[in-house]
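Student: Hey, I've got a new structure open and no idea where to begin. Can you walk me through it?
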Amino acid sequence: MAIAYANTDSMAAFLIKDHHHHHHQHSSLSFFFSYLLFFLLFSSPPTAYAFTGDVAEDSKNRRDDLFVEILKDEAVGRLNELGKVSDAARYLERTFLSPASIKARFLLKKWMEDSGLRTWVDCMGNLHGRAEGRNASAEALLIGSHLDTVVDAGKFDGALGIISAISALKVFYMSGKLEELKRPIEVIAFSDEEGVRFQSTFLGSAAIAGILPVSSLEISDKSGMSIKDVITESGVEITEENLLQLKYDRKSVWGYVEVHIEQGPVLEWTGFPLGVVRGIAGQSRLKVTVRGSQGHAGTVPMPLRQDPMAASAELIVQLEKLCKQPESYLSFDGHCSDFTLKSLSTSLVCTVGEISTWPSASNVIPGQVTFTVDLRTIDDIGREAVIYEFSNQVHKICSSRSVSCNIERKHDANAVISDSELSSQLKSAASAALKKMVGDIQEEVPILMSGAGHDAMAMSYLTKVGMLFVRCRGGVSHSPAEHVLDDDIWAADQTAQQFDQVECGRAIVDAGD
């Protein structure tokens with residue numbers, strides 16, 4: 001059967017023979033978390049959740065009724081309710097400790113307690129919900145996402161992961177299985193991941209991972225209020241001491257798992273609903289300044305010009321060529337291995353997102369042009385090689401055009417590599433799930449890079465991390481048009497079921513399936 005993605009209003013899902021699943025949109029990710037938790041937390045799965053080809057119809061109906069009531073109907077209602085909690089009247093916006101953010105946290109706290117979790121809010125505004133299981137002193141599994149949003153946001157980013165995890169735990173609670181966990185589980189709704197209010201991302205997860213500098217408390221928003229001021233205004237005392245106490249002990253944490261919409265078009269392009277995240281790209285931001293000779297647009301002949309705008313245009317096109325075909329520019333000189341070049345060819349992206357000119361008048365040859373470069377790849381060595389080669393190209397082109405050029409490095413962050421064992425298990429589980437749903441498939445589940453940052457990036461400083469991406473329509477995110485197909489999330493549910501099977505090391509599903 002061909003792998004295809006139907007570009008229709010109904011957006012029929014990948015390889016799903018029975019298309020009566022479109023009502024499962026939000027509940028399916030809750031199913032994912034249900035089986036993910038079975039995989040990670042139970043010594044053996046409850047019979048009601050062990051899907052087999054010979055399962056009795058009445059058992060299946062009871063299971064489906066429980067799933068539909070909690071994981072579908074309730075989860076969808078909660079997602080919609082949370083999507084209406086906004087600081088803006090006409091669009092979705094929740095920023096760090098804003099009134100809407102605090103209201104959203106209250107709702108999530110109530111839902112966590114409804115699932116049998118012990119809850120608390122830390123001094124950075126993170127909401128925690130924890131179940132101790134059979135052994136409260138065992139290493140805990142952390143599952144987290146963020147409750148803040150961008151401006152004019154979609155309702156899936158962040159909120160879907162939190163609500164789905166809560167719903168899955170409620171199933172355990174209602175079926176009397178919450179106390180049978182082989183290790184503690186903690187759901188964390190991080191207070192800030194997007195960084196909209198203070199232009200500083202991962203405030204919540206960075207504090208827990210122990211990498212948030214104390215100096216961050218003095219960062220101010222546009223109104224002049226510092227992070228410390230905002231926290232104090234919310235009724236919580238924040239000091240250097242209690243900020244440092246937020247850091248979790250590495251020995252108390254088993255791992256961190258995050259399921260997220262892809263926020264890009266790769267899965268849609270490949271035709272797969274699921275992809276395993278190899279890692280989160282490292283990033284460098286450059287500021288390039290090109291200076292020439294400012295002059296009258298009508299009186300300076302073309303051969304005599306020292307035009308920084310024309311030079312910048314050539315530099316930007318050269319950057320595009322370098323990033324599209326790095327193997328044509330980088331050599332095997334000890335700095336670039338074959339592995340690095342292959343990694344760059346699949347993960348390197350470069351963006352010029354901002355250009356400014358001086359004096360910026362239509363009848364004046366600019367005297368100066370400044371533009372930014374955002375460069376991301378999973379390979380840190382390759383990223384440095386690309387920057388080095390781009391710098392060479394900049395000075396070569398500027399010299400030939402008799403203009404001066406300067407490159408400033410404004411930001412650098414190393415890549416985060418997902419835990420290999422978790423990634424392998426996720427890939428095997430996704431493949432097995434898809435085979436179970438549609439029969440044999442020839443293609444492998446894609447392994448892809450996350451070009452966007454996630455809380456897993458900060459949490460990797462604390463523990464091993466694993467991520468699974470779910471396809472989103474059109475690759476659109478950070479927009480009200482953000483959407484995930486019903487059947488794609490259903491595929492994620494089945495992956496989590498298989499994920500359970502791989503980790504437990506026993507046949508949960510019938511071998512004949």
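**Acids on the inside**

Tutor: Let's start with Glu-258 in this predicted model. Glu-258 is buried but has no salt bridge, and the nearest side chain of opposite charge, Arg-94, is 14 Å away.

Student: Okay, where is the place of Glu-258 in the chain?

Tutor: Glu-258 sits in strand β5, which covers residues 253-261.

Student: And which side chain makes a polar contact with Glu-258?

Tutor: That's Tyr-256, with 3.0 Å between the two side chains. The Glu-258 side chain also reaches a backbone nitrogen, the one of Ala-456, at 3.1 Å.

Student: What else is Glu-258 in contact with, leaving aside neighbours within four places in sequence?

Tutor: Quite a list, including Gly-144, Ser-145, His-454, Asp-455 and Met-467.

Student: Let's try another one. What about Asp-157, is it buried or exposed?

Tutor: Asp-157 is buried, and it has no salt bridge. Arg-94 is the nearest side chain of opposite charge here, at 9.3 Å.

Student: Where do I look for Asp-157?

Tutor: Go to the loop between β3 (140-146) and α4 (159-174). The side chain of Asp-157 makes a polar contact of 3.1 Å with the side chain of His-146. Asp-157 also touches Glu-194, His-260, Gln-263, Ser-477, His-478 and Glu-482, among others, if you skip residues up to four places away in sequence.

Student: Switching to charged pairs: how many salt bridges does the structure hold?

Tutor: The structure holds 18 salt bridges. One of them pairs Arg-130 with Glu-186, where the closest N and O atoms are 2.7 Å apart. That pair links distant parts of the chain, with Arg-130 in strand β2 (residues 127-131) and Glu-186 in strand β4 (residues 185-190), 56 residues apart.

Student: Are Arg-130 and Glu-186 buried, or exposed?

Tutor: Both Arg-130 and Glu-186 are buried.

Student: What does Glu-314 form a salt bridge with?

Tutor: With Arg-401, and the closest N and O atoms are 2.7 Å apart. Glu-314 lies in helix α9 (residues 308-324) and Arg-401 in the loop between α11 (380-400) and β13, so this pair ties together parts that are 87 residues apart in sequence.

Student: Why does Glu-314 count as partly exposed?

Tutor: Because its relative accessibility is 32%, and partly exposed runs between the 20% and 50% cut-offs. Arg-401 is partly exposed too, with a relative accessible area of 33%.

Student: And which residues are linked in a network of salt bridges?

Tutor: Asp-380, Arg-383, Glu-384, Arg-409 and Asp-412 are linked that way. Elsewhere on your list, Arg-376 forms a salt bridge with Asp-374, the closest N and O atoms being 2.8 Å apart. Asp-374 counts as buried, because its relative accessibility is 17%, under the 20% cut-off.

Student: New topic. How much space lies in the largest pocket?

Tutor: About 1,200 Å³. It's lined by 44 residues, and the closest to its centre are Thr-201, Phe-202, Gln-283, Arg-285 and His-411.

Student: Which element gives the most to the lining of the largest pocket?

Tutor: β12 does, with 4 residues. At least two lining residues each come from β7 (282-291), β12 (368-377), β13 (404-413) and α13 (455-459).

Student: Last thing, what's in the chain overall?

Tutor: The chain has 14 helices and 16 strands, and 54% of its 513 residues are buried. Among contacts between residues at least 6 apart in sequence, 78% join residues at least 24 apart.

Technical notes:
Residues are numbered from 1 along each chain as its sequence is written. This is a predicted model: local features need pLDDT of at least 70, side-chain atom pairs count only at pLDDT 80 or more; totals for chains, interfaces and linings use all residues. Side-chain values use heavy atoms; hydrogens and water are left out. Buried means under 20% relative accessible area, exposed over 50%, partly exposed in between (1.4 Å probe, protein chains only). Lys and Arg count as positive and Asp and Glu as negative; His and the chain ends are not counted. A salt bridge is a side-chain nitrogen of Lys or Arg within 4 Å of a carboxyl oxygen of Asp or Glu. A polar contact is a pair of N or O atoms within 3.5 Å; within protein, one must be able to donate a hydrogen and the other to accept it, and residues adjacent in sequence count only if both atoms are side-chain atoms. Contact means heavy atoms within 4.5 Å. On a 1 Å grid over the protein atoms alone, a cavity is a set of points where a 1.4 Å probe fits but cannot get out, and a pocket is an open set with protein on both sides within 12 Å along at least five of seven lines; lining residues have an atom within 4 Å of a point. Grid points are joined across faces, edges and corners, and a volume is the space filled by probe spheres set on the points.
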